[in-house]
Amino acid sequence: MMGYQKLFLPVIEAKLEHAIKKSGGVREFIRCRIRHQDGQTFVSSTGAQGSGVLRSMSLAQGLLVTREEETSLAEGSLVRVILLHHRDLIQPEMGF
């Protein structure tokens with residue numbers, strides 16, 4: 001793996017800021033934004049999730065992971081989020 005020690009992105013739990021409906025029987029990775037307030041982490045969808053919608057991907061700070069059996073996620077529920085932009089992922093030698 002080219003010397004990389006950290007092969008997987010970090011996963012956190014966050015509180016969902018709005019309800020989300022989804023198809024049952026499939027695991028979805030919903031592009032989302034993350035915010036922190038009063039020691040809590042909140043997450044919300046970036047909007048339309050179609051494969052041709054690049055704006056939602058450019059706004060994404062994480063991927064909200066849903067289970068196959070879920071058809072909806074209620075506002076306020078705890079969800080798992082894969083962090084896309086994490087400070088440990090930026091290596092000093094890359095000049096960022």
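Accessible areas were obtained by the Shrake-Rupley method with a 1.4 Å probe. On this basis the chain, taken from a predicted model, exposes about 6,800 Å². Carbon and sulfur atoms supply 55% of that area. Of the 96 residues in the chain, 28% are buried.

The mean pLDDT of the chain is 84, and 81% of the residues score at least 70. Among the elements, β7 has the highest mean value, 95, and helix α1, which covers residues 54-59, has the lowest, 82. Where pLDDT is low, predicted coordinates should not be read in detail.

The chain contains seven strands and one helix. Read from the N terminus, the order of the elements is β-β-β-β-α-β-β-β. Among the contacts with a separation of 6 or more, 68% are between residues 24 or more positions apart.

Strand β3 (29-37) pairs with both β4 and β5. The pairing of β3 with β4 is antiparallel and comprises six bridges; within it, His 36 has Thr 41 of β4 as its bridge partner. The pairing of β3 with β5 (residues 62-65) is also antiparallel and extends over four bridges. Here Arg 31 is bridged to Leu 63 of β5.

β3 and β4 form a hairpin, with two residues between the strands. Asp 38 lies in this loop, ahead of β4 (40-45). The phi angle of Asp 38 is positive, near 50 degrees, although the residue is not a glycine. The relative accessible area of Asp 38 is 74%; this residue is classed as exposed because the value is over the 50% cut-off.

The largest nonpolar core consists of 12 residues: Ala 14, Leu 16, Ile 20, Ile 30, Cys 32, Ile 34, Val 43, Leu 64, Leu 73, Val 79, Val 81 and Leu 83. At least two residues of this core come from each of β1 (11-16), β3 and β7 (78-83). In soluble globular proteins, nonpolar side chains tend to be buried together.

One member of the core, Val 81, was examined for its contacts. With residues up to four places away in sequence left out, Val 81 touches Pro 10, Val 11, Ile 12, Ala 14, Cys 32, Ile 34, Val 43, Gly 62, Leu 63 and Leu 64. Leu 63, included among these contacts, is the residue of β5 that is bridged to Arg 31.

Terms used:
Residues numbered from 1 in each chain as written. Predicted model: local features only at pLDDT ≥ 70, side-chain atom pairs only at ≥ 80, totals over all residues. Heavy atoms only, no water. Buried < 20%, exposed > 50% of the residue type's maximum accessible area, 1.4 Å probe, protein only. Contact = heavy atoms within 4.5 Å. Core = buried A, V, L, I, M, F, W, Y, C linked by side-chain atoms within 4.5 Å. pLDDT = per-residue confidence, 0-100. Pairing = 2+ DSSP bridges.
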